[in-house]
Each structure stands twice: as C-alpha cells, then as structure tokens.
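Work through the exercises below with the model open. Try each task before reading its solution.

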Amino acid sequence: MDAIYKVLGAISDVVWGPPLLILIVGTGIYLTFRLGLVQILMLPAALKQTFSKKHDKTAEGDISQFQALTTALAATVGTGNIVGVATAIVLGGPGAVFWMWLSALFGMATKYGEAVLAVKYRVKDANGEMAGGPMYYLEHGLKQKWLAVLFAIFGALAAFGIGNGTQSNSVANVVNDTFGIANWVTGLVLMIFAALVIIGGIKSIGKVTAVFVPVMAVFYVFGGLLVMILNITEVPGAVMTILEMAFSTEAAAGGAIGAAIRYGVARGVFSNEAGLGSAPIAAAAAKTDLPGRQGLISMTQVFFDTIIICSITGITIVMSGLYSGASSDTAGTLTSDAFGFFLGDIGPIIVAIGLVFFASSTILGWAYYGEKCFQYLFKNPSLLIVYRVLFIAMVFVGSVVSLDLIWTFSDVANGMMAIPNLIGLLGLSGVIAYETKQIREKLKAEKAQG
C-alpha cells in the first residue's frame, strides 16, 4: 500500500503541477474577455436571478434553478473552505488568499461557461430525468466521445474519494476531537442520513440542499463575521498583510511561480471546483428557459464559496497570527484554533459544526455527480441502485479508516476530470459566447417589460 501511495503521490504532483494550474486559470482569463467580463458586469443580474421567484416553472428540468445552485454548492462548500484555506496559508503564506480571490474571479467565468454548455447539450435519460455535464457537451458538442468517457470514468471514481470517504472521515475526526463521540457512531449516523436522501435521487437531494446549504452557510459566516466585528480594528491589517504577502519575495519559496500563487490557485480550485466539470452536472437538471440564465446563477456559486466563505476563513486565520510557525501537519486544526483564539471555547465548536454541515452536504452533491457519470458509462438504469448502495456504504467505511491513499487518488481523479473539461470549454467557447449574447438580450427585454 505504501508503494501505491507513493506512486499516486508522484502522479498527483505532476497532474496538479504548474501546467494544469495555468490551463485552469488561463481558461478563466480567456473566457472572461471573450464573454465581455460577464462575471463582473452581470454579477448584479446573476444575484437577482438566483433569489428571484419569477422563473419559468414550465421550462424543462427536474429541479428549480435555486435547487440546482444549492446542490452544486452542497458539493463545493466542504472541507476545502476550512481545512483547504488553512493549508494554503501554511504552505504559501497569507498572500495565498489573494491568489485564491484572483482564481475565483476568473473561475466565475469558467463556472458560467460550464453551466451554459451543460444546459445546452443536456438530454433526457431512460428514467425521464435530465442528464448533462461535460460528458454530454464533450460528446454532442465537441464530438469527442473518448474525452467524454475519460471524464465520466474519473468523475465516477473521484466521487468515492473527495466527495465521500474523505468527507465522512473529516467529520468523524472533528466530532471525536470536539465532542468525544466515537468515529463509528458518527459514520453510522452520516450513512443513514445519506441513504435517506440519496435513494430519492436528484429531486430529494435538491429539496434537502435548498434548506441545508443556506442554513450551514449562514451559521459559519455568522461565526466568522462575529470574529471580525468584535475585532474590527484588526481586519484592515489582516487584509493588508494578505495583499503585501501576495507579491512578496518571501512567498516565492515554492518555485518559479511562487508558493503563494501555487497553493492559492490550487486550493482555490479545490474549494470552488471551477474548471473541474463537476458542478455543471447539477446545473443540467435545472428548470430553465435559456442556458445563459442558469449560467449566471451557477457562477454565483464561486462568489459565495470563495469570495465570501473562504475569505472569512482566511482573514480570521491571518488576524490570529497562528499561521506563523504552523506546519502542514497542524493545518487541519488551524481554523479551529484561530476561531478559538478570538471566541474562546465556543470557537472550535462553531468550526466543528460548520465542518459537519459542509462535509455532509458535499456527500449529497457528489452522490449525484458520481451516479450521473456512472449512468453515462453504464446505460442500464437497474445498475444505478448498485452504485448508490456502494456510495452509501463508503460513507461509513470512510469514517473509520485512514484515507491518505483515497485522498491522493481523489486528487489525481479530480485533475484528470479537469483536463477534458477544459478542452471542451475552450473548443466550445463560441457556443458559450452566442448563448451569452442571447441571455443579455433576454434580460434587456425583460427589464423593458418591467
């Protein structure tokens, strides 16, 4: 097992090296300018669309646009928002937070493009449900089925790692450390919860996440804002430290592109998943009249995930100063320690509960992603229950075993998912641009009509 772990680790270092990070950010930059700064100029309209109740209920789709957003957010907002940010700061310095922000800015354009293509090329499956995502726009849009198959293989496998076992393991460990509850007990509870929701399919997942995600986000954000409000004089200094260290030569220990850039971009991508191709699978299920409308709603996912939630984590850690002298071995508890530094005993509890919510929701979102990839590879609907049972069982297994191997394997699978997806985005950028023009004209007409 050690030999396999070392091999996967070496592969992961290559997959998540500078070339892929440059491809991910480069795709976002290219789409940003090709789409006319869509994530900046149309963000107000996107936020309005996200919380509007005037959507066309007669449009094709399985769940509401808001439920599609919360399902994607459920899968995205996870341990990366708490542990991932801490790791980025430990390995890349406070300046890594700035590069997370920058990657998120361009990532919003990428996420927009993914959702547009997901709706544009979605199909109805044998169960009468919408199916879409990179597999479908790679096959039907780009006409490259082999890339679609590759994406689906890595997506189905990654779901068991980064979207399942690693999440239940994180929850079980933090609950054990904070409340003294045995890992197997937490694993059993998580497995039952997951089973009750997942067996019902996307409509059940959508209904749960529509309630679950706003509650969990507000809870954690409230705790972070409480820290900032009570220590408001420290906030400007923390932000200045982030900005100064983003371009400091001290942050360049990680190589030519600098540790701050490398870890900021990498952890930002892991957190918001822009470019990986996972979130558009949920976007394809949304009831919407135009691909661009769901694209706008989907791009707010990156805004909420990184610009808001990750920022709260990052600024709190920098304010505490506890990152100084911390190592990668202690990064997992750094956020909890920072909250405890400012709020006392209640701080770690807020982080623990937040992590329980975040990781539990990630399991739900990735259950849907994984089964859609599995369904693309194996057309027989009767096999779907097999995948769901295996996925649910892995929730318990993940809570009681060491998952270093699965974490590393998941990193590799996520990176391999991203490559065909990014090829699809670049190859179909003309389609995205056309749909962007359509939604701009539609929103302009709707505004004129009042």
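**Exercise 1. Find the residue that follows H16 and give the sign of its phi.**

Solution. Helix H16 covers residues 334-343. Helices here are DSSP runs (H or I, at least four residues), numbered from the N terminus. Glycine 344 comes next, and its phi is positive, near 75°. Now check burial, where buried means under 20% relative accessible area, exposed over 50%, and partly exposed in between (1.4 Å probe, protein chains only). Seven of the 10 residues of H16 are buried, so the helix is largely enclosed by the rest of the structure. Among them are Leu334, Phe339 and Phe342.

The model is predicted: local features need pLDDT of at least 70, side-chain atom pairs count only at pLDDT 80 or more, and totals for chains, interfaces and linings use all residues. Residues are numbered from 1 along each chain as its sequence is written, and side-chain values use heavy atoms, with hydrogens and water left out.

**Exercise 2. Compare the expected span of H17 and of H9 with the distance between the end C-alpha atoms.**

Solution. Take the expected span as 1.5 Å times one less than the number of residues. H17 (residues 346-377) has 32 residues and should span 46 Å. Its end C-alpha atoms are 47 Å apart, which agrees. H9 (residues 145-179) has 35 residues and should span 51 Å. Its ends are 49 Å apart, which agrees.

Next, look along H9. It bends by about 45° at alanine 158; the bend is the angle between axes fitted to the seven residues ending there and the seven starting there. Glycine 180 follows H9, with a positive phi near 75°. As for H17, 25 of its 32 residues are buried, so it is largely enclosed by the rest of the structure.

**Exercise 3. Which residues line the largest cavity?**

Solution. Start with the count: the structure holds one cavity of 30 Å³ or more. A cavity is a set of points on a 1 Å grid over the protein atoms alone where a 1.4 Å probe fits but cannot get out; lining residues have an atom within 4 Å of a point. The volume of the largest cavity is about 60 Å³. Its lining is Ile24, Val25, Ser103, Ala104, Phe106, Gly107, Gly268, Val269, Asn272 and Ala274.

Then sort by helix. H2 (18-34), H7 (96-120) and H13 (259-272) each supply at least two lining residues. H7 gives the most, with four.

Finally, sort by class. Six are nonpolar, four polar and none charged. Here Ala, Val, Leu, Ile, Met, Phe, Trp, Tyr, Cys and Pro count as nonpolar, Asp, Glu, Lys and Arg as charged, and the others, Gly among them, as polar.

**Exercise 4. Where does glutamate 273 lie, and what does the side chain of serine 278 contact?**

Solution. Glutamate 273 lies in the loop between H13 and H14. Its phi is near 60°, a positive value in a residue other than glycine. Glutamate 273 is buried, with a relative accessible area of 4%. Serine 278 is in the loop between H13 and H14 (279-283), and is buried at 0%. Its side chain makes a polar contact with the side chain of glutamate 273 (2.4 Å). A polar contact is a pair of N or O atoms within 3.5 Å; within protein, one must be able to donate a hydrogen and the other to accept it, and residues adjacent in sequence count only if both atoms are side-chain atoms.

Definitions and conventions: 1 Å grid on protein atoms, 1.4 Å probe; cavity = no way out; pocket = protein on both sides within 12 Å on 5 of 7 lines; lining within 4 Å. Points joined across faces, edges and corners; volume = space filled by probe spheres on them.
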